[in-house]
Amino acid sequence: MLWVFFAVLAMSAVAMLLYPLLRSGAVETDRQAGAVAVLADQLHEVDRDAERGLISSDEAEAAKSEIKRRLLKLNRGGSAKGRSVTGARSALWISALLVPLFAGLLYTQLGSPGVPAVPFADRQDEQAEQVRITELTGRLLDRLENDPEGGPTEGWMLLGQTYMRMGRYADAASAMENVIERDDAVSAMVSQYAEALISAEDGIVTPQARKAIRRALDMDSSNPAASYYEAIALDQAGDSEDAHDLLISRLEQAAGPAPWMEIFIAQANRIGEAIGREPVSLAAFAPMAGGAPGPTRDDVAAASEMSEDDRAAFIRSMVDRLADRLAEDPDDLDGWLRLGNAYGVLGEADKAREAYEAADELAADLPSDDPRKQSIREALSELGG
Amino acid sequence: MKRAIAALPVLIVLVFGAFFLWGLNPDRDPNAIPSVLISQPAPEFDLPAVEGVGVPGLSRDNLFGNSDPVVVNVFASWCVPCRAEHAVLTRMVERDGVRLFGINYKDKPEDARGWLEKLGNPYERIGSDLNGRAGIEWGISGVPETFIVAGDGTVLYRYVGPVVGAEAEEKFATALAQARTRNGANS
Amino acid sequence: MFPEIGQFALALALGTALVQSVLPMLGASRGNVLWMRCARSSSIAQLVFIGIAFAALMQAFVVSDFTVANVVENSHSLKPMLYKIAGTWGSHEGSLLLWVLILAAFGAGVALFGSNIPDALKARTLSVQAWISTGFLSFLLLTSNPFERVFPPPLDGNDLNPLLQDVGLAMHPPLLYFGYVGFSIVFSFAVAALIEGRIDAAWARWVRPWTLAAWMSLTAGIALGSWWAYYELGWGGWWFWDPVENVSFMPWLLGTALLHSAIVTEKRDAFKSWTILLAILTFSLSLLGTFIVRSGLLTSVHAFAVDPERGLYILGLLGISIGGSLTLYAWRAPAMEGGGLFAPVSREAGLLINNLLLATATGTVLFGTLYPLFMEALTGDKVSVGPPFFNATFIPMMLPLVVVMGIGPFLSWKRADLKGVFQRLRFIALLAGLAALATWYVARGGPALAYLSVAITVWLLFATLREWAVRIRLFDVPLAETIRRARNLPRAAHGMTLAHAGLAVAMFGFIGSSAWKSEEIVFVQPGSVIEIAGFDVRFDGVERVRGPNYIADRGTLAVSREGEFVTTLYPERRSYPVAQSTTTESAIRSTLAGDLYASLAEPASETAADTGAWTLRILYEPLVNLIWIGSTMLILGGGMSLSDRRLRVGVPRRASRSGPVATPAE
């Protein structure tokens, strides 16, 4: 449907541009004649003004003689060019056809033909869903509040988490506050509560939140969320070094790749940048990418504790990140070697070869006895490059 | 001659263009207005403490005879950016040992108290400027604003808006460092 | 689907503009009629495609399609429909789309209604118009695409700013743009004439209607903008010499000069290179306005979101168009022949003074507006140039202009009899002096300049009326004869009288509301009485009222004069809980004599509101409504002039049957 409209628009563009062709045999209107007509009209006007007594007859005569002089000069200045070419229709045809072509090309750059238009009125399902969630949370809150036992802990936590997703952080914090002091509260709940408090203050760790973080850590020192917020708190209090150290040590303790590592690394690098520490990368901590020359088959096997899909996604994301970084900073020889190796493991021979070729170029300046040179040669010959 | 006159407009336009090109420099902020107070002694004001906060009030006298430059921050509990700035100020006090004074601008004491209890109180002294009188004396254009005052009571620097984000913090830190060297030279 | 259609239509418009930039121009130099005629159809095609794009964007706003990023940022599902529609041009992207739409509309206007203009001139003009169009369409598509999409769409839009929900604000940009983009066509005519190498009386006459149309819209836009600032913003003033106001005022001043100098070119074949220069500069100032508003170069209350990169792109466009046209001017202008000679006392000389003063005034405003930038660049100091500078420089230039305006229309072309004119105006000069004295008797106080201004304004008003009376021989001949004469007088002459008188009327408003304005800012408690300009205003307290989407504190003010009840005013402070913002709604009692204007300022302190004590601002602005009445007269005068049949004389159609000159019978 959309393309039909585009076609109609494009055709009408061509048609409008070709319209002059229909009026063949048209003659150019003459600039000279136009000037004469205007001067003639001025003469008439002087006459009329004189007739009505708006100007004296002397003035009228003077004005008229001046206009006549100008008319004479016009005629002396040579008549119209008199050449009226009507040919060269092909130029018009070509330009008219180029317009939709050009527009089409531009559109492929700018447009998103796949995105549907979604008027607000058509989104009632979505809005109804929103309303339903709000209603459900309201009912849940009601039930929990009216429960003589104080409501089950899971119920309050569920309510709090729902509020978090809705962006109602303060409500989330007050919902969770009801249960975190209970005996069946676990460290993860307390750290979620701290998270709600911090989100409610736009990321500022309040003394209250700090207390919750401490408690969560006391309950379970391996709770990553608690360590993370502890680091944020330290950073905000001015102890950026300690914050950085905490993040790094926590990363080092990690037994294997875990989903929280990425955010730890991002935070560590953010803090590290301010205090002038070397940036770290996921590869340094996740065993599969640990150290050059990159993930070995064993490392990949180690990641096999994860489900098949998770593992594939994990590896992919890691490799992509490395590739992205290298695109920005192409002088990293070891990086290219790791990337080549990783692609080799993934069975993407072409990309692996490209990576090794990039490494080969960088290695050209190295002394010939550098072991890396050797491994590049080997890899390339293996890949048939 | 006629030719020169006809060429004049294009020359003038070229000069204008050069100015515009300069003006587009992204580091330039046309809204930054220097305070009239800069290099002047701190204005006359005397503010009582915010009830129940536990730190004394603030007056002009407190700004004179300090050994180091001090920072005077105008804040309010109703001011959203102040929240973001609070963490930065706290860090400055705790990490860099900055002496921080506060002017609590047009704020109910109980609100200010609640705010400080929740976020913590980095201020050494806080003056409660209920009717905004001191704010006028300081010539503030909004909240928050932060001043650096030398040990001899001279206002050295003014920052309009929250000192938040790497760029702003660096600007402020530079000004503070300059103020410290100046103080050293004077005493 | 519609947003994508809009996007594609915009791309087609750019393609069309590219063709129109080249073919007609080549056609005109080679005498190829086919290529020249293509300018006509492509101008219309451009208007159609940009129109489709604009309609598509508007549709997205109307149905709140949040897959369009621009709608997300500038609308909200809960906004009233009118403001959803106005949101279309509320953002940088949308307003730029409106900009090119109006550009295309003027191009298509010339294509459709310019049948009296010779093919070659028309083709060149439309080609130049297409150059501008190409520049701005590519700017729009490459840096500020209004049809950027987001998917999945966010739940609702981001903008619910109640301050921007105002009818005046919704209507203001389109009108202002219509004027200041309208001067583009005049610019195109000028550049085309430079390329063609031919400027004469005929050219001046062909351009005149387009200059008039642009000038009228700009006048309307500026008047509406200041009306909006006065009534809706609650600032209690109608002009602030803000950079954004100045950049729309400068093209108006220069456009007014152009309107007058083109008359000399038309009637006397003189001032040719000056007229061309004015045409170029007027549009250049409009472009400068676009640049300043969008680049964040200067501090202003109404600027768009600042983006230096966009600024750089516009500066590039400016450099090419202004620099290019002025270079062409520098090359071609010296070859232009001078026109008819004239004596130091003549209509020409009067118009020359008019032009010099207007151009100097424009220069002054330009200098004042950009001075902070210059100073900052040269010395690093930040300075601000405020109303005192403009009042001190601009007004002294305007007063002599107004004096000359009174005399000018009496002067005849080439050589005039100044003595005779003064004889005719003796009584009016006397009247002006008496008016100043009478004002002093009534008002007592106020600056001396104000009395001088009153005298000069009275002079202008009555001299204008007198000139009109002389032309139709009012009271000299029987009434029937007078009416016949009035009917025979060209419409342009009536238009001039109306516009000049309109300026005088507006000037009474300017003077009254600036020299004799009274203002009180007081701390009130229920029962307090404030005296202002002869009124007694009693504050009866504030109550809380609920509106559809706001809660307001509404004050009640009982106004009386010498014990007699006049009216009750209800100024409000509204707070919108959803948008978390507060607006001030002033209450105004508006009469021809002046406006009594009250607004509630914020409570002095939080606790003060509980005790019923408030800060109240009361203003009395004498004669302020004359500003809007006078502006309307200016616009109507322009319209009257535009309808003059002489503006339609032009090229005779060779194929036409009716004869060589298309002069309709009277």
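Q: Over the ring of which residue does the charged end of Arg561(C) sit?
A: In this predicted model, an arginine can be placed over a ring when its CZ is within 6 Å of the ring centre and within 35 degrees of the ring normal. The charged end of Arg561(C) lies 4.5 Å from the centre of the ring in question, and a further arginine, Arg332(C), lies over the face of Trp331(C) at 4.7 Å from the ring centre. For Arg561(C), the ring beneath the charged end belongs to Phe535(C).

Q: Which residues do ring pairs link into a cluster with Trp215(C)?
A: Ring centres within 6.5 Å make a pair, and by this rule the count over all chains comes to 39 aromatic pairs. Ring pairs link Trp215(C) into a cluster with Trp239(C), Trp241(C), Phe249(C), Trp252(C), Phe389(C), Phe390(C) and Phe394(C).

Q: Which helix gives the most to the largest nonpolar core?
A: The largest nonpolar core holds 178 residues, and those with the most contacts inside it are Leu97(C), Trp99(C), Phe136(C), Phe189(C), Trp203(C), Ile276(C) and Phe291(C). The element that gives the most to this core supplies 15 residues, and that element is helix H7 (residues 167–196) of chain C.

Q: Which residues is Leu97(C) in contact with, leaving aside its neighbours within four places in sequence?
A: Leu97(C) is among the residues with the most contacts inside the largest nonpolar core. Leaving aside its neighbours within four places in sequence, the contacts of Leu97(C) are Leu10(C), Ile50(C), Ala53(C), Phe54(C), Leu57(C), Leu140(C) and Pro146(C).

Q: Does Arg124(C) count as buried or exposed?
A: Arg124(C) lies in helix H6 (residues 119–143) of chain C. Not counting residues up to four places away in sequence, Arg124(C) touches Met25(C), Ala28(C), Ser29(C), Ala192(C), Ile195(C) and Glu196(C). Because its relative accessibility is 9% and the cut-off for burial is under 20%, Arg124(C) counts as buried.

Q: In which helix of chain C is confidence lowest?
A: Chain C averages a pLDDT of 85, with 90% of the residues scoring at least 70. Within chain C, confidence is highest in helix H19 (residues 625–642), at 95, whereas the lowest mean, 55, is that of helix H18 (residues 606–611).

Q: How many contacts beyond four places in sequence does the model have for residues 300–305 of chain C?
A: This stretch calls for caution in reading, as pLDDT stays under 50 over residues 300–305 of chain C. For these residues, the number of contacts beyond four places in sequence in the model is 17.

Q: In which strand of chain B is confidence highest?
A: Chain B averages a pLDDT of 82, and 91% of the residues score at least 70. Confidence in chain B is lowest in helix H5 (residues 166–186), at a mean of 76, and highest, at 92, in strand S3 (residues 70–75).

Q: In what order do the elements of chain B run from the N terminus on?
A: Chain B has five helices and seven strands, and 48% of its 187 residues count as buried. Among its contacts between residues at least 6 apart in sequence, 72% join residues at least 24 apart. From the N terminus on, the elements of chain B run α-β-β-β-α-β-α-β-α-β-β-α.

Q: How many helices are there in chain A?
A: Of the 385 residues of chain A, 41% count as buried, and the accessible surface of chain A comes to about 20,800 Å², of which 54% belongs to carbon and sulfur atoms. Chain A has zero strands, and the number of its helices is 17.

Technical notes
Residues numbered from 1 in each chain as written. Chains lettered and ligands numbered in written order. Predicted model: local features only at pLDDT ≥ 70, side-chain atom pairs only at ≥ 80, totals over all residues. Heavy atoms only, no water. pLDDT = per-residue confidence, 0-100. Helix = DSSP H or I, 4+ residues; strand = E, 2+ residues; numbered from the N terminus. Contact = heavy atoms within 4.5 Å. Core = buried A, V, L, I, M, F, W, Y, C linked by side-chain atoms within 4.5 Å. Buried < 20%, exposed > 50% of the residue type's maximum accessible area, 1.4 Å probe, protein only. Areas by Shrake-Rupley, 256 points an atom, 1.4 Å probe, with all protein chains shown as cover. Phe/Tyr/Trp six-rings, centres within 6.5 Å; stacked < 30°, edge-to-face > 60°.
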